[in-house]
Amino acid sequence: KDRQVVSALFCSSEIYGDVRLPFDKIVCERTYFHGDTLQMTKGGASISFAKTQIHSLPYMESETQVHLCLEDCELTDVIMFHRMKLQLRNVRFTKPCEFV
């Protein structure tokens with residue numbers, strides 16, 4: 001049985017409030033989340049940020065481990081990565097981050 005992959009692309013977007021996303025794959029380019037919680041409703045979901053200056057990330061809530069990819073990003077504040085599978089490419093850290 002083939003599983004259909006449902007994806008979303010956010011480009012140059014600002015997303016406010018707590019968000020619930022029913023996607024398998026989310027790609028964000030120059031996108032900023034201003035809420036406290038990002039709930040991923042699909043197990044094994046992945047989210048990618050590209051060409052973004054990240055000041056904060058919302059707490060990513062999921063039943064399984066979230067796959068997070070950062071590419072050509074700059075992290076400008078202390079960020080805690082909790083229960084994530086990370087893929088980092090050309091990421092600049094200006095402050096120490098916590099990996100749990």
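This report walks through the strands, core, aromatic pairs, cysteines and salt bridges of one predicted model.

## Ground rules

Because the model is predicted, local features need pLDDT of at least 70 and side-chain atom pairs count only at pLDDT 80 or more, while totals for chains, interfaces and linings use all residues. Residues are numbered from 1 along each chain as its sequence is written, and side-chain values use heavy atoms, with hydrogens and water left out.

## Strand S6 and its partners

Let's start with strand S6, residues 37–40. Strands here are DSSP runs (E, at least two residues), numbered from the N terminus. In a regular strand the side chains alternate between the two faces of the sheet. S6 shows this alternation: Leu38 and Met40 point to one face and are buried, while Thr37 and Gln39 point to the other and are not. Buried means under 20% relative accessible area, exposed means over 50%, and partly exposed lies in between, with a 1.4 Å probe and protein chains only.

Which strands pair with S6? Strand S3 does so in the parallel sense, over 3 bridges, and strand S9 (residues 59–61) also runs parallel to S6, joined by 3 bridges. Pairing requires that DSSP finds at least two bridges between the strands. Leucine 38 appears on both sides of this arrangement: valine 19 stands opposite leucine 38, and in S9 the bridge partner of leucine 38 is methionine 60.

## The nonpolar core

A nonpolar core is a set of buried Ala, Val, Leu, Ile, Met, Phe, Trp, Tyr and Cys residues joined through side-chain atoms within 4.5 Å. The largest one has 27 residues, of which Ile47, Phe49, Met60, Leu68, Leu70 and Phe81 touch the most other members. Elements giving two or more residues to this core include S1, S7 and strand S4 (25–29). The largest share, 3 residues, comes from S10.

Two small residues help to fill in the picture. Alanine 8, in strand S1 (residues 7–11), is buried at 14% relative accessibility. Leaving out residues up to four places away in sequence, alanine 8 touches Phe23, Lys25, Ile26 and Val27, where contact means heavy atoms within 4.5 Å. Serine 48, found in strand S7, is buried at 17%. Beyond its neighbours within four places in sequence, serine 48 is in contact with Ile26, Val27, Cys28 and Cys69.

## Aromatic pairs

A pair of aromatic rings is described by the distance of the centres and the angle of the planes. Rings of Phe, Tyr and Trp (its six-membered ring) pair if their centres lie within 6.5 Å; planes under 30 degrees apart count as stacked, over 60 as edge-to-face and the rest as tilted. How many such pairs does the whole structure hold? The search finds 3 aromatic pairs. One of them joins phenylalanine 33 and phenylalanine 49 edge-to-face, at 6.0 Å centre to centre with 80° between the planes. This pair links distant parts of the chain, 16 residues apart, with phenylalanine 33 in strand S5 (residues 32–33) and phenylalanine 49 in strand S7 (residues 46–50). Phenylalanine 33 is buried at 7%, and phenylalanine 49 is buried at 2%.

Phenylalanine 81 and phenylalanine 99 have ring centres 5.1 Å apart and planes at 10°, so this pair is stacked. The two sit 18 residues apart, in strands S12 (residues 80–81) and S15 (residues 98–99) respectively. Phenylalanine 81 is buried at 2%, whereas phenylalanine 99 is partly exposed at 48%. Ring pairs link Phe81, Phe93 and Phe99 into a cluster.

## Cysteines without disulfides

With a disulfide taken as a pair of cysteine sulfur atoms within 2.5 Å, the count comes to 0. For cysteine 28, the nearest cysteine sulfur is that of cysteine 73, 9.7 Å away. Why is cysteine 73 itself unbonded? Its closest cysteine sulfur, in cysteine 69, is 8.2 Å off, which is too far for a bond. Cysteine 28 is buried at 1%, and cysteine 73 is buried at 0%.

## Salt bridges

The structure holds 2 salt bridges, each defined by a side-chain nitrogen of Lys or Arg within 4 Å of a carboxyl oxygen of Asp or Glu. Glutamate 29 meets arginine 30 at 2.9 Å, N to O; glutamate 29 is partly exposed at 23%, and arginine 30 is partly exposed at 35%.

Glutamate 71 and arginine 89 form a salt bridge at 3.0 Å, N to O. Glutamate 71 lies in strand S10 and arginine 89 in strand S13 (residues 84–89), so the pair ties together parts 18 residues apart in sequence.

Definitions and conventions. Helix = DSSP H or I, 4+ residues; strand = E, 2+ residues; numbered from the N terminus.
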